[in-house]
Amino acid sequence: MSNNERIEQLEERVLKLEEELKYLKNSSSITSKPQETLAVIPTSERESELEPKLESKVSTKNEKDLEKVIGQIWLPRIFIFVLLLGVVWGFKAGTDLGIINEFVRIVAGYLTSMFVLFIGFKQVKKHHIVLGNILIGGSIAVLFVTTFAAHILYSFFSLAVASLIHIVIVVLGYWLTTFFRSQSIGIVSSIGAFLVPFLLQSEQGNLFVFGLYELVISLSFIALALAHHYKYLYVTVSYALHVSFFMFALIQWTTELHFLAILVLVQHIILLLAFLYHKKLKTQTTWMFLTSSVLTSFWMLITFSYSFWLIILALSYVILIIFLKMSRPDRSVLLTSSALTFLLYLFYTFDQATLGLFLLIEGTLFIYLSYQLQSMMQRWVGFGIYLIGVLSILVHPFNHMFSIETLAWSSLIATLIVLYQMNDFTKVKNEIQLIAMVFINLIGLAYVSQLVRVLIPSQETMMLTVTWIVYAAVNIIYGHVRNIKMFRLFGMFLIFFTLLKLIIVDLPTVSLVVRASLFLILGCIGLAVSRLFYKKEQE
């Protein structure tokens with residue numbers, strides 16, 4: 001290409017660019033007026049125009065969410081129950097009118113269940129998941145009820161046939177739960193499965209068959225719940241085993257119920273393994289293991305005539321902590337289970353005074369370990385055990401210097417001092433601080449009062465007054481040294497209360513010499529204490 005041709009092409013491009021520039025200028029002049037009007041509109045006015053639109057969108061979304069919750073979740077749950085009531089009352093009306101006989105009722109029950117199951121399948125295929133699952137669960141419930149009526153009310157089925165049908169329904173419910181991955185179907189099916197032995201008519205139930213059946217149902221649905229992370233199903237089937245065993249014990253109490261306790265222990269071991277190795281449902285596995293520890297301990301106490309099984313159970317948790325690698329929260333849960341199990345052992349083994357002493361020791365040790373493991377749950381359980389021990393001791397005052405009650409009260413004072421130093425109540429809220437310090441001071445006052453009554457019974461009235469004055473002075477001095485206002489206030493209150501006791505109770509009963517001595521002691525201590533407050537104000 002020659003230079004002339006290149007110059008011509010460049011000139012043509014320049015002409016095109018000039019034409020495009022003119023076009024852009026003309027278009028900008030046309031649109032300049034609307035832009036100026038838009039620029040004049042203040043920002044606040046534009047925001048005020050946009051706000052109603054945004055609010056309308058948010059409100060529309062909330063209305064749709066509420067409509068979805070009511071229409072898709074609650075309406076099916078409510079009206080499946082209404083439908084079942086309608087079916088029951090329809091059967092009742094037909095029976096009263098003589099239209100529906102017993103055979104027709106049973107056939108209609110099974111047909112209704114199949115029809116509802118079919119509708120549930122259709123709804124799930126249409127992606128109406130909640131409605132479909134509720135219908136399928138309702139069909140399983142109708143199958144259980146219909147089979148129960150056919151066997152118990154109308155005697156259409158023998159025991160063997162009714163048992164076989166119930167088992168088929170349980171298997172069907174289990175399969176539907178896994179196929180549709182529906183927790184609601186699983187809950188309905190599991191509850192019906194646990195009730196099967198109670199829906200059968202038998203002259204005398206077989207304890208071993210009943211226990212093994214219930215255990216297999218429990219473990220099967222526990223495995224299903226863990227596999228699909230169904231937390232409500234997991235809780236339901238874990239508790240259902242205890243409920244069914246308890247119902248059987250109420251109906252038919254025998255000396256062989258220890259077999260049920262062994263089966264409960266088997267389930268408890270499974271729940272322990274789920275707690276240790278299943279990480280998805282950690283909250284549910286933790287609380288179910290804790291409650292199972294208590295329930296299993298109860299079954300051991302009820303069914304066995306000796307309680308050393310509880311010691312073995314409590315020690316087994318400690319052994320697991322020592323030999324298994326686990327996180328700090330898991331250790332805390334196992335220690336809590338051990339403490340609760342040992343608590344039941346203490347209740348079963350010892351009387352009140354001795355029980356209180358051991359509970360103080362257990363509670364104090366448990367609170368100390370809670371600080372080491374940094375577990376708030378363990379700390380509250382420890383305080384709960386300790387409080388039970390305190391109440392057990394308070395209702396048993398000591399009358400002799402060398403007795404288990406005196407040891408228990410002395411241990412109470414010692415552990416209170418340890419816990420006070422351990423928890424540092426001066427750093428907590430004022431309300432808790434006030435309650436804790438008043439509680440500690442009142443127990444200390446009761447302790448020294450009992451010591452005076454036991455050691456100097458002949459001069460109890462005078463020595464009790466002197467002891468209270470000294471105790472008040474010690475509180476004020478301690479509060480002054482440690483700068484704790486609660487102790488100083490308690491000491492001042494006790495001084496005035498002791499003065500009232502001296503005037504109202506002691507004066508009419510003591511001699512003039514004793515009266516003078518008491519007033520001299522009280523006056524000197526009161527003035528000395530007041531001197532501390534003047535010194536504090538100067539500082």
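In which helix is the place of L273? L273 sits in helix 9, which covers residues 258-277. The legends below refer to a predicted model.

**Figure 1. Overview of the predicted model, an all-helical protein with 19 helices and zero strands.** The protein has 539 residues, and buried residues make up 39% of them. About 31800 Å² of the protein is exposed, with carbon and sulfur atoms supplying 69% of that area. Among contacts between residues at least 6 apart in sequence, 67% join residues at least 24 apart.

**Figure 2. Nonpolar surface patch that includes L273.** The patch consists of I262, V266, I269, I270, L273 and Y277. Together these residues have about 520 Å² of accessible area. L273, in helix 9 (residues 258-277), has a relative accessible area of 41%. L273 is therefore classed as partly exposed, since that class lies between the 20% and 50% limits.

**Figure 3. The largest nonpolar core, with F245 and its contacts.** This core has 73 residues, of which Y234, F245, L260 and L334 touch the most other members. Domain 1 (95-201) and domain 2 (205-327) each contribute at least three residues to the core. Leaving out residues up to four places away in sequence, F245 touches F210, G211, E214, L260, L263, V264 and W299. L260 thus appears both in this contact list and among the core members that touch the most others. In soluble globular proteins, nonpolar side chains tend to be buried together.

**Figure 4. Another nonpolar core, apart from the one in the previous view.** This core comprises 36 residues. Among them are Y386, W409, L518 and L522.

**Figure 5. The salt bridge between D330 and K282.** The count for the model comes to one salt bridge. The closest N and O atoms of D330 and K282 are 3.3 Å apart, and the pair meets the criterion because that distance is within 4 Å. The pair links distant parts of the chain, 48 residues apart: D330 belongs to helix 12 (residues 328-349) and K282 to helix 10 (residues 282-303). How do the two partners compare in exposure, buried or partly exposed? D330 counts as buried because its relative accessibility is 6%, whereas K282 counts as partly exposed at 23%. Side chains of opposite charge can pair when their charged atoms come close.

**Figure 6. Loop residues R181 and H229, each with a positive phi although neither is a glycine.** R181 has a phi of about 50 degrees. R181 is placed in the loop between helix 5 (159-180) and helix 6 (183-195), and its relative accessibility of 58% makes it exposed. For H229, phi is about 60 degrees. The loop that holds H229 runs between helix 7 (207-228) and helix 8 (231-251). H229 has a relative accessible area of 40%, so this residue is partly exposed.

**Figure 7. I129 and F180, a pair separated by 51 residues along the chain.** In space, the C-alpha atoms of I129 and F180 are separated by 9.0 Å. I129 is part of helix 4 (residues 129-153). The relative accessible area of I129 is 40%, and the residue is therefore partly exposed.

**Figure 8. Surroundings of T406 in helix 15.** Helix 15 covers residues 404-423. Is T406 buried or exposed? T406 is buried, because its relative accessible area is 4%, under the 20% limit for that class. Apart from neighbours within four places in sequence, T406 is in contact with F398, H400 and M401.

**Figure 9. Surroundings of T498 in helix 18.** Helix 18 spans residues 485-506. T498 has 0% relative accessibility and so counts as buried. Which residues is T498 in contact with, leaving aside its neighbours within four places in sequence? The contacts of T498 are T465, W468 and I469. I469 and T498 are 29 residues apart in sequence, with a C-alpha to C-alpha distance of 6.8 Å.

Key
Residues are numbered from 1 along each chain as its sequence is written. This is a predicted model: local features need pLDDT of at least 70, side-chain atom pairs count only at pLDDT 80 or more; totals for chains, interfaces and linings use all residues. Side-chain values use heavy atoms; hydrogens and water are left out. Patches are made of residues with over 30% relative accessible area and no salt bridge: like charges are joined within 9 Å, nonpolar side chains (Val, Leu, Ile, Met, Phe, Trp, Tyr) within 5 Å. Accessible areas come from the Shrake-Rupley method with a 1.4 Å probe; for residues, only the protein chains shown count as cover. A salt bridge is a side-chain nitrogen of Lys or Arg within 4 Å of a carboxyl oxygen of Asp or Glu. Helices (H or I, at least four residues) and strands (E, at least two) are DSSP runs, numbered from the N terminus. Buried means under 20% relative accessible area, exposed over 50%, partly exposed in between (1.4 Å probe, protein chains only). Contact means heavy atoms within 4.5 Å. A nonpolar core is a set of buried Ala, Val, Leu, Ile, Met, Phe, Trp, Tyr and Cys residues joined through side-chain atoms within 4.5 Å. Domain bounds come from an automatic or database domain assignment.
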